[in-house]
Amino acid sequence: MVTRIVILGGGPAGYEAALVAAARDPAVARVTVVDSDGVGGAAVLCDCVPSKTFIASTGLRSELRRATRLGFDIHIDDAKICLAEIHQRIKMLAAEQSVDITAQLRSMGVELIAGRGELVDAAPGLARHRVKVTARDGSSTTIRDADVVLIATGASPRILPSAHPDGERILTWRQLYDLDSLPEHLIVVGCGVTGIEFANAYTELGVTVTLVASRDRVLPHEDEDAAQVLEESFAQRGVKLIKKARAQSVRRTDDGVLVTMTDGRTVEGSHALMTLGSVPNTGRLGLQRVGIEPGPGNYIAVDRVSRTSVAGIYAAGDCTGVLPLASVAAMQGRIAMYHALGEAVNPLRLRTVAATVFTHPEVATVGVSQTAIDDGSIQARIIMLPLKTNARAKMSELHQGFVKLFCRQDSGVVIGGVVVAPIASELILPIAIAVQSRITVDDLAQTLAIYPSLSGSITEAARRLIARDDLN
Ligand SMILES: Cc1cc2nc3c(=O)[nH]c(=O)nc-3n(C[C@H](O)[C@H](O)[C@H](O)COP(=O)(O)OP(=O)(O)OC[C@H]3O[C@@H](n4cnc5c(N)ncnc54)[C@H](O)[C@@H]3O)c2cc1C
């Protein structure tokens, strides 16, 4: 019996789900992906891929800063920035990735429909769902026989009504790559991951940056020591950090912008980048028509196998508010399909998710946080090794960063870690594997790391965490 699957949204949650379902025999699953804005979703076309491509360019400039200490006569200010080329490369790479994903989906027999999908109530007397698709030109079709619907419609930048983006001076992160020239003074409103990544990227290009943080530190949800390293790094580059400040409004002035805080403080700059989080794309989806009540913040509540409250309707990715990462979205989408097709499925385990803040240095984390250990909710042993004692770091003139490892008090099982280093996004993997596979610090310490290597600090941290009872 063929299971008819309709996926709303072609981002990582949607296309990864489609790839899983389409890999089955066509006699088992028939898959349609409906997307309103382009296959690859916001992740590929406007958020994750463009920002990381931008950061790849800006990071090169930071790398060049080390060159003089490594014996090269290179002066960073002589390196001319070709902004138009940087932006063009970003757009080209995103478009190419969208084309690649489209080709892969088509080659696997997935039907792709361009348009906005919405749920219509299930046909009377039938368990099957109906999905209406409206194309850009206003024409519409209805798919009447969906056994399974996956809602994977993502999220959009949160807009403050009193700071409406105009695409010229007041900007969302999606409008940055249309700027003709670099901002003279960029005010980044919001100090979460997106704000910090762009603040870092623009300082790397030599732009004056002011950061407006609502709390008393940057990255309030990340490891405190890591946030401290980033604050120091920002201070060295002249970033002005305004703490405990909530932007009330942003308005245009004759030659720039004026940001006014709720406590009356103001700051002037040439441009403002608004990074106030995202809102889920769950309006106009017909959720109530099929009996789904959106949860707080209009996110769609799901369980750990991506089920909504209505049989046959699953949701995955940013529209669920579970954890706004492309990797998590993709895993939720895959899990939905395994479950819908009656296959063995491992429910989502958020504690095993590795995440990175792409700054200089990068901050990568996995597993439990030190906050949970410090407040006594989790009993664990902790070690923190500064990278400056690592031979490879010394050779490469890397002075900032550390490796932190957490393991269970009694068993020595690794339950989390933090890496702050130039390539922390790559270095976190052995810790993520240890957390996922419940490897002990003893096992990790027995693993031969390359000498010299930054990853040697991970095995060294594990050695230092070994207690006598681990060796029994
Ligand atoms: C600046 C930035 C950088 C990021 N960097 C990273 C990173 O480095 N690593 C990482 O893991 N995550 C990153 N993220 C998060 C990541 O982009 C999201 O978690 C990811 O996009 C979520 O995927 P998704 O499939 O849920 O939604 P999306 O990627 O948003 O895709 C949803 C798609 O559905 C379409 N759609 C909406 N409504 C409908 C409808 N009614 N019918 C049909 N289609 C519809 C949308 O247009 C879109 O194409 C970043 C986010 C931002 C903002």
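Me: How do the axes of helix 3 and helix 4 cross, and within what distance do they come?

Reply: In this predicted model, the axes of helix 3 and helix 4 (residues 83–107) come within 9 Å and cross at roughly 140°.

Me: Why are helix 3 and helix 4 called oblique to each other?

Reply: An angle counts as roughly antiparallel over 145 degrees and as roughly perpendicular from 65 to 115. The crossing of helix 3 and helix 4 is at roughly 140°, and the two helices are therefore oblique to each other.

Me: What is the handedness of the crossing of helix 3 and helix 4?

Reply: The crossing of helix 3 and helix 4 is right-handed.

Me: What makes the approach of Ala43 to the ligand a polar contact?

Reply: A polar contact is a pair of N or O atoms within 3.5 Å. A backbone N or O atom of Ala43 lies 3.0 Å from an oxygen atom of the ligand, so the pair meets that cut-off. For Pro12, a backbone N or O atom is 3.2 Å from a ligand oxygen. A polar backbone atom of Leu325 also lies 3.2 Å from an oxygen atom of the ligand.

Me: How much of the ligand does the protein bury?

Reply: The ligand taken alone exposes 1,000 Å², and the protein buries 90% of that.

Me: Which elements give two or more residues to the shell around the ligand?

Reply: Among them are helix 1 (12–22), helix 2 (41–45), helix 3 (48–65) and helix 7 (326–340). Strand 2 (29–35) and strand 4 (116–120) do so too.

Me: How many residues surround the ligand, and which are the closest?

Reply: The ligand is surrounded by 35 residues, the closest being Asp37, Lys52, Gly117, Asp318 and Ala326. The shell divides into 15 nonpolar, 14 polar and 6 charged residues.

Methods:
Residues numbered from 1 in each chain as written. Predicted model: local features only at pLDDT ≥ 70, side-chain atom pairs only at ≥ 80, totals over all residues. Heavy atoms only, no water. Near = heavy atom within 4 Å. Polar contact = N/O pair within 3.5 Å; in protein donor to acceptor, adjacent residues only side chain to side chain. Areas by Shrake-Rupley, 256 points an atom, 1.4 Å probe, with all protein chains shown as cover. Helix = DSSP H or I, 4+ residues; strand = E, 2+ residues; numbered from the N terminus. Nonpolar A, V, L, I, M, F, W, Y, C, P; charged D, E, K, R; others polar. Axes fitted to C-alpha atoms, helices over the stretch in contact; angles between N-to-C directions. Parallel < 35°, antiparallel > 145°, perpendicular 65-115°, else oblique. Left-handed = near helix turned anticlockwise from the far one by under 90°.
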